Amino acid sequence: MIDCKCTCERDMHLFCPGPKRILALDGGGVRGAISVAFLEEIEAVLSKHLQRPVHLGNWFDLIGGTSTGAIIAGALAMGFTTADIKRFYFELAPKVFKRPFWRIVGLQAKFDARALRKEIDDIVGQITLGSEQLNTGFCLISKRMDTGSPWILANNSRARYWETNTGEDGFTGNKHYPLANLVRASTAAPFYFEPEELPIVEGEEPGYFVDGGVTPHNNPSLMLFLMTILDAYKIGWTAKPEQLTIVSIGTGSHRDRVIPEELGMGRSTRLAISALKSLMNDVQTFVLTQMQYLGECPMPWWINSEIEDLAKEKPPGGKMFRFLRYDVRLEWKWIESLRDEVGTEKFEAAFGRKLTEIDVIRMRGMDDPTIIEDVYKLARIAAKQQVKAEHWSGELACWCNGRRPSAQSRQMVFRASEQSSLGALWLACSKQIGITLSYTRSAVVRIFNSIPRRGG
């Protein structure tokens, strides 16, 4: 019998021997509803496989996310169900992504960070990164602007900066950071929300944090993999397909295309903005390329016309993990293909209408809460096609001394809405106005779009 020194389920997930599973969740604002739809299907497939209800915090040994993915990862690690997380996006996102009329874009962030902070505080409470209420391994990614460095923060009790150092080069240990502040730091998208300040060293200026999506890790799967195998992190998992499975869930992708002749006035500025906006997708494609090269992929994604999906490629030492990527492409041709695969009648019935190219352009917004229902419905359809029973085999982990994950599910407590009939009417009118404006913006964008002459 092994003498296990792990004292909580978090440490058993991270440090006990045996096959391991990672869940990586992309950033993407309100399009986090796409991730939720895939997680619901995974939860349903697993529950059918195990013949009992299962929550994902017990199945995965490490759950990590960036930006909106950090919110979902934290909730799953705390034991909340996908049903609760869905409610968060459908009911609370419209409150968070609501722009006050008096905010001046350029001089102030587009949205009031206090609304986001309040909703996160209500769910997370006062727990810290070191809390045993996080039932499994958890990681989030943020960007510290005052040092220019990505911060990879995990509840890894063996990490170098876990404990507080009171010496000359002192710092606050990672275990003491409030989880709510860390999640806010990972979601503080520049332009949209004010940065989050975190005290790092007593008596010095706080750290200045923004959204992890501006690091190379908006798709955090590669970083999470490295964290589990590099000696510096002291986790030491085995990098073999039969010992490690990595599940990566996106929030929708598309290529930002620019037609030089249609840039019009402010050509240089518009080109610069478009180039910066496309960088996130380029980085995510690069991460996906590496993950599909390094991992066994039952359903590889097409990368580009030159290297295709890398299905026939492998590194010299062989594949290092099993890799599953679930996502949607917010491009008209891809959605047409999905519609044909499931049947036009069934597809249009899910939306209650026929989708147009303007609908697809709308779905690309990361700060438009009026798209949540549509992107969720699209992802539910895609999840039925992509999440297959054969992807999900095995049992819950069996740790040292025969123990298995047993953390109980939790329920989010949502504040009761105290709204008058007049207030409810105003909310409904505001929602309709928001939808109308969303379609108008997308129609304008559609005018400037054209079909590319040559694929890349």
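Just after helix H4, Gly 79 takes a positive phi of about 100°. I begin there, in what is a predicted model, and turn next to the helix that precedes this glycine. H4 covers residues 68-77, and 10 of its 10 residues are buried, so the helix is largely enclosed by the rest of the structure. The buried set runs through Thr 68, Gly 69, Ala 70, Ile 71, Ile 72, Ala 73, Gly 74, Ala 75, Leu 76 and Ala 77.

One of these, Ala 70, leads us to Ser 186. Ser 186 belongs to helix H7, residues 179-186, and it is buried, with a relative accessible area of 0%. Setting aside residues up to four places away in sequence, Ser 186 touches Gly 65, Thr 66, Ser 67 and Ala 70, then Leu 140, Ile 141 and Ser 142, and finally Asp 211 and Gly 212.

Ser 142 in that list brings us to a pair of strands. The bridge partner of Ser 142 in strand S4 is Trp 151. Strand S3, residues 137-144, and strand S4, residues 149-154, run antiparallel and are joined by six bridges. The two form a hairpin with four residues between them, and in the turn Gly 148 has a positive phi of about 70°.

Allow me to step back to the chain as a whole. Its secondary structure comes to 14 helices and nine strands. Of its 456 residues, 50% count as buried. Taking contacts with a separation of 6 or more, 74% are between residues 24 or more positions apart.

I turn now to the nonpolar interior. In soluble globular proteins, nonpolar side chains tend to be buried together. Here the largest nonpolar core has 82 residues, and the members that touch the most others are Phe 38 and Trp 392. The element giving the most to this core is helix H2, residues 32-50, with 10 residues. Which residues does Phe 38 contact, leaving aside its neighbours within four places in sequence? They are Ile 249, Tyr 326, Asp 327, Val 328, Ala 379, Ala 382, Ala 383, Gln 386 and Val 387. Apart from the largest core lies another, of 30 residues, including Cys 6, Met 12, Met 227 and Leu 288.

Met 227 also appears among the buried residues of helix H8, together with Ser 221, Leu 222, Met 223, Leu 224, Phe 225 and Thr 228. Seven of the nine residues of H8 are buried, so this helix too is largely enclosed by the rest of the structure. The loop between H8 (221-229) and strand S7 (244-249) holds Glu 242. Is Glu 242 buried or exposed? It counts as exposed, because its relative accessibility is 55%, and the cut-off for exposed is over 50%. Glu 242 and Phe 321 are 79 residues apart in sequence, yet their C-alpha atoms are 7.2 Å apart in space.

Next comes helix packing. Two packed helices are described by the angle between their axes and the distance between the axes. For helix H11, residues 344-351, and helix H13, residues 372-386, the axes come within 9 Å and cross at roughly 145°. The crossing of H11 and H13 is right-handed. H11 contributes Phe 347, Ala 350 and Phe 351 to the contact, and H13 contributes Asp 374, Lys 377, Leu 378 and Ile 381. By class, the residues of this contact are five nonpolar, no polar and two charged.

Val 375 also lies in H13. It is buried, with a relative accessible area of 1%. Leaving aside its neighbours within four places in sequence, Val 375 is in contact with Ala 33, Ile 34 and Met 363. Its C-alpha atom is separated by 9.1 Å from that of Gly 32, and the two residues are 343 residues apart along the chain.

I close with backbone geometry. Most residues other than glycine have a negative phi, and most peptide bonds are trans. Gln 51, a residue other than glycine, has a positive phi near 60°. Gln 51 sits in the loop between H2 and helix H3 (56-59) and counts as exposed, at 73% relative accessibility. Glu 308 likewise is a residue other than glycine with a positive phi, near 55°. Its place is the loop between strand S8 (295-296) and strand S9 (321-326). Glu 308 is partly exposed, with a relative accessible area of 48%.

Notes:
Residues numbered from 1 in each chain as written. Predicted model: local features only at pLDDT ≥ 70, side-chain atom pairs only at ≥ 80, totals over all residues. Heavy atoms only, no water. Axes fitted to C-alpha atoms, helices over the stretch in contact; angles between N-to-C directions. Left-handed = near helix turned anticlockwise from the far one by under 90°. Contact = heavy atoms within 4.5 Å. Nonpolar A, V, L, I, M, F, W, Y, C, P; charged D, E, K, R; others polar. Core = buried A, V, L, I, M, F, W, Y, C linked by side-chain atoms within 4.5 Å. Buried < 20%, exposed > 50% of the residue type's maximum accessible area, 1.4 Å probe, protein only. Pairing = 2+ DSSP bridges.
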